[in-house]
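Me: I should like a close look at a single part of this protein, with the reasoning set out step by step. Please begin with the part itself and then place it in the whole.

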Amino acid sequence: MDPLSAISEELAEIDGQITDIFRALSNGFQKLEKIKDSNRQSRQLEELTDKMRDCKRLIKEFDREVKNIERVNDPDTSRMLNEKKQTMIKELNSYVALKKQYASNLENKKIDLFDGPAEEYGEQNVLLASSMTNQQLIDNGNQMMDETDQAIERSKKVVHETINVGTETAAALKAQTEQMSRIVNELDSIHFSIKKATKLVKEIGCN
């Protein structure tokens with residue numbers, strides 16, 4: 001007979017459900033190791049996350065029941081039940097840590113695939129959208145829109161600066177062209193004056 005059944009049928013039932021979830025989590029993460037497709041990995045991770053939520057709820061129910069019968073238990077029984085609860089919490093936390101590791105690796109793969117390496121994501125623990133709350137999704141969306149707006153403003157600034165540089169360059173080229181035209185005209189005048197002077201010298205020589 002299960003020792004917990006002798007203490008409380010409800011505790012025994014909750015313990016059985018938690019044991020089943022831990023077995024499912026163990027098998028689920030082993031299955032996740034073999035999945036190569038990112039979309040399938042994401043779906044599997046969502047299923048495992050749901051199981052972990054159920055497990056957390058059951059551990060809380062276990063703790064409530066332990067406290068309800070604490071006054072009728074002897075110290076050894078109370079200590080055994082508290083140790084059992086702590087063992088459950090540690091095992092659940094180990095799966096939560098494993099889930100976070102897989103989620104981070106999966107999201108990093110998505111970033112590498114679509115965006116390439118990005119410094120702003122390099123040091124952050126990125127959550128899967130499926131594990132975000134609505135507020136986190138809204139905040140993340142607002143942040144992405146702000147970053148996009150800033151990128152657009154930077155691009156517009158570069159365009160304006162380029163136009164200004166082009167305008168200044170065109171003005172400088174126009175001024176240089178006009179200056180060259182003046183120089184050519186002056187050279188033509190000088191050449192004409194030299195020809196005229198040469199003709200006058202020849203005429204003077206003939207006289």
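Reply:

**A close look at helix 2**

Helix 2 has 26 residues, which at 1.5 Å a residue should span 38 Å; the end C-alpha atoms of the helix are indeed 38 Å apart, so the two values agree. The model examined here is a predicted one.

Let us start where the helix starts. There, a side-chain oxygen of serine 8 comes to within 3.3 Å of the backbone nitrogen of glutamate 10.

Next, consider which residues of helix 2 are buried. They are Leu11, Ala12, Ile14, Asp15, Ile18, Ile21, Phe22, Leu25, Gly28, Phe29 and Leu32. Two of the names in this list, Phe22 and Phe29, recur in an aromatic cluster, where they are joined by Tyr95 and Tyr102.

The structure holds three aromatic pairs. One of them is formed by phenylalanine 22 and tyrosine 95, with 6.0 Å from centre to centre and 25° between the planes. The pair counts as stacked, because planes under 30 degrees apart are classed in that way. Phenylalanine 22 belongs to helix 2 (residues 9-34), whereas tyrosine 95 belongs to helix 4 (residues 75-114); the two are 73 residues apart, and the pair thus links distant parts of the chain. Both phenylalanine 22 and tyrosine 95 are buried.

Helix 3 (residues 38-68) offers a parallel to the check on length. This helix has 31 residues and reaches 45 Å from its first C-alpha to its last, close to the 45 Å expected at 1.5 Å a residue. The N-terminal end of helix 3 is capped by aspartate 37, a side-chain oxygen of which lies 3.2 Å from the backbone nitrogen of asparagine 39. An unreviewed UniProt entry annotates residues 38-72 as a "coiled-coil region". In the model, that span is 89% helix and 0% strand, and its end C-alpha atoms lie 52 Å apart.

Finally, the whole protein may be considered. It has six helices and zero strands, and along the sequence the pattern reads α-α-α-α-α-α. Of its 207 residues, 24% are buried. Among contacts with a separation of 6 or more, 64% are between residues 24 or more positions apart; the stacked pair of phenylalanine 22 and tyrosine 95, described above, links residues 73 positions apart. The protein exposes about 15,400 Å², and carbon and sulfur atoms supply 53% of that area.

How values were computed
Residues are numbered from 1 along each chain as its sequence is written. This is a predicted model: local features need pLDDT of at least 70, side-chain atom pairs count only at pLDDT 80 or more; totals for chains, interfaces and linings use all residues. Side-chain values use heavy atoms; hydrogens and water are left out. Rings of Phe, Tyr and Trp (its six-membered ring) pair if their centres lie within 6.5 Å; planes under 30 degrees apart count as stacked, over 60 as edge-to-face and the rest as tilted. Helices (H or I, at least four residues) and strands (E, at least two) are DSSP runs, numbered from the N terminus. Buried means under 20% relative accessible area, exposed over 50%, partly exposed in between (1.4 Å probe, protein chains only). The expected span of a helix is 1.5 Å times one less than its number of residues. A polar contact is a pair of N or O atoms within 3.5 Å; within protein, one must be able to donate a hydrogen and the other to accept it, and residues adjacent in sequence count only if both atoms are side-chain atoms. Contact means heavy atoms within 4.5 Å. Accessible areas come from the Shrake-Rupley method with a 1.4 Å probe; for residues, only the protein chains shown count as cover. UniProt positions are given in the numbering used here, feature names are shortened, and annotations may be inferred rather than shown by experiment.
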